[in-house]
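Work through the exercises below with the sequence and the 3D view side by side. Try each task before you read its solution.

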Amino acid sequence: EKKESHKIADDPMYKLEHGIKDEKRAKEEVPRLSQLEKMQETKRDDFRLNQMLRSKFRGEKKEIKVVKDRDDALLAKASLDIDLVPEDPDDVRRASSVFFHSKVNDMKAQRRAIKAQSIFGKNEMPG
């Protein structure tokens with residue numbers, strides 16, 4: 001290679017012949033180079049698609065973990081050993097419209113009734 005590069009630099013005729021050979025070979029290689037560029041572009045596209053899918057999968061995996069951790073905490077708090085189904089917006093709406101009557105509410109109502117009564121009773125008149 002060094003000899004050839006020296007010869008090209010020193011001999012103008014050799015340089016001209018060599019240049020013609022290079023041009024001929026370049027014309028012959030154009031289809032092959034085009035094919036290689038297309039393959040390279042396809043691989044770049046494949047990499048981008050793969051990268052986007054991996055990113056989407058990581059995001060979904062994080063969401064699934066958050067839901068699982070929340071469900072596990074709920075099951076542990078309630079001491080339950082059941083499989084939970086995904087939460088449905090309609091179920092949430094229905095559950096929020098249900099009023100659960102508790103003893104606390106009963107006791108508050110009884111206290112209000114007692115406070116509203118007279119401490120002397122109904123028919124007793126001091127006399």
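**Exercise 1. State what percentage of the 127 residues count as buried.**

Step 1. Fix the terms: buried means under 20% relative accessible area, exposed means over 50%, and partly exposed lies in between (1.4 Å probe, protein chains only).
Step 2. Apply the cut-off: 2% of the 127 residues count as buried.
Step 3. Take the surface as a whole. The accessible surface comes to about 13100 Å², and carbon and sulfur atoms hold 58% of that. Such areas come from the Shrake-Rupley method with a 1.4 Å probe, and for residues only the protein chains shown count as cover.

A note on the source: this is a predicted model, in which local features need pLDDT of at least 70, side-chain atom pairs count only at pLDDT 80 or more, and totals for chains, interfaces and linings use all residues. Residues are numbered from 1 along each chain as its sequence is written, and side-chain values use heavy atoms, with hydrogens and water left out.

**Exercise 2. Describe the fold pattern, then decide: is the protein a compact globule or more spread out?**

Step 1. Count the elements: the protein has four helices and zero strands. Helices (H or I, at least four residues) and strands (E, at least two) are DSSP runs, numbered from the N terminus.
Step 2. Read along the sequence: the pattern is α-α-α-α.
Step 3. Compare the radius of gyration with the globule rule. The radius is 43 Å, well over the 14 Å that the rule gives for 127 residues, so the protein is more spread out than a compact globule. The radius is taken over C-alpha atoms, and the rule is 2.2 Å times the number of residues to the power 0.38.
Step 4. Check the box: along the principal axes, the C-alpha atoms fill roughly 145 × 30 × 25 Å.

**Exercise 3. Find salt bridges within the helices, and say how far apart the partners are along the helix.**

Step 1. Recall the idea. Side chains of opposite charge can pair when their charged atoms come close.
Step 2. Set the cut-off: a salt bridge is a side-chain nitrogen of Lys or Arg within 4 Å of a carboxyl oxygen of Asp or Glu.
Step 3. Search the whole structure: six salt bridges turn up.
Step 4. Look at Arg32 and Glu29, whose side chains meet at 3.3 Å, N to O. They are three residues apart in helix α2, so about one helical turn separates them. Glu29 is partly exposed at 24% relative accessible area.
Step 5. Go on to Asp72 and Lys68, which meet at 2.9 Å, N to O. These two are four residues apart in helix α2, so again about one helical turn separates them. Asp72 is partly exposed at 34%, and Lys68 is partly exposed at 48%.
Step 6. Turn to helix α3, where Arg94 and Asp90 are four residues apart, or about one helical turn. Their closest N and O atoms are 3.6 Å apart. Arg94 is exposed at 52%, whereas Asp90 is partly exposed at 29%.
Step 7. Add Arg93: Asp90, Arg93 and Arg94 are linked in a network of salt bridges.

**Exercise 4. Which residues gather in a patch of negative charge, and which form a nonpolar patch?**

Step 1. Know the rule. Patches are made of residues with over 30% relative accessible area and no salt bridge; like charges are joined within 9 Å, and nonpolar side chains (Val, Leu, Ile, Met, Phe, Trp, Tyr) within 5 Å.
Step 2. Name the negative patch: Glu1, Glu4, Asp22 and Glu23. Asp22 lies in helix α2 and is partly exposed at 43%.
Step 3. Name the nonpolar patch: Leu74, Leu80, Ile82 and Leu84, with about 340 Å² of accessible area together. Leu80 sits in the loop between α2 (12-78) and α3 (89-97). Leu80 is partly exposed at 43%.

**Exercise 5. Where is Ser79, and what is notable about its phi?**

Step 1. Locate Ser79: the loop between α2 and α3.
Step 2. Read the angle. Phi of Ser79 is near 50 degrees, a positive value in a residue other than glycine.
Step 3. Check the accessibility: Ser79 is exposed at 68%.
Step 4. Look at Ala78, in helix α2. Ala78 is partly exposed at 40%.

Definitions and conventions
Lys and Arg count as positive and Asp and Glu as negative; His and the chain ends are not counted. The place of a charge is taken as NZ of Lys, CZ of Arg, CG of Asp or CD of Glu.
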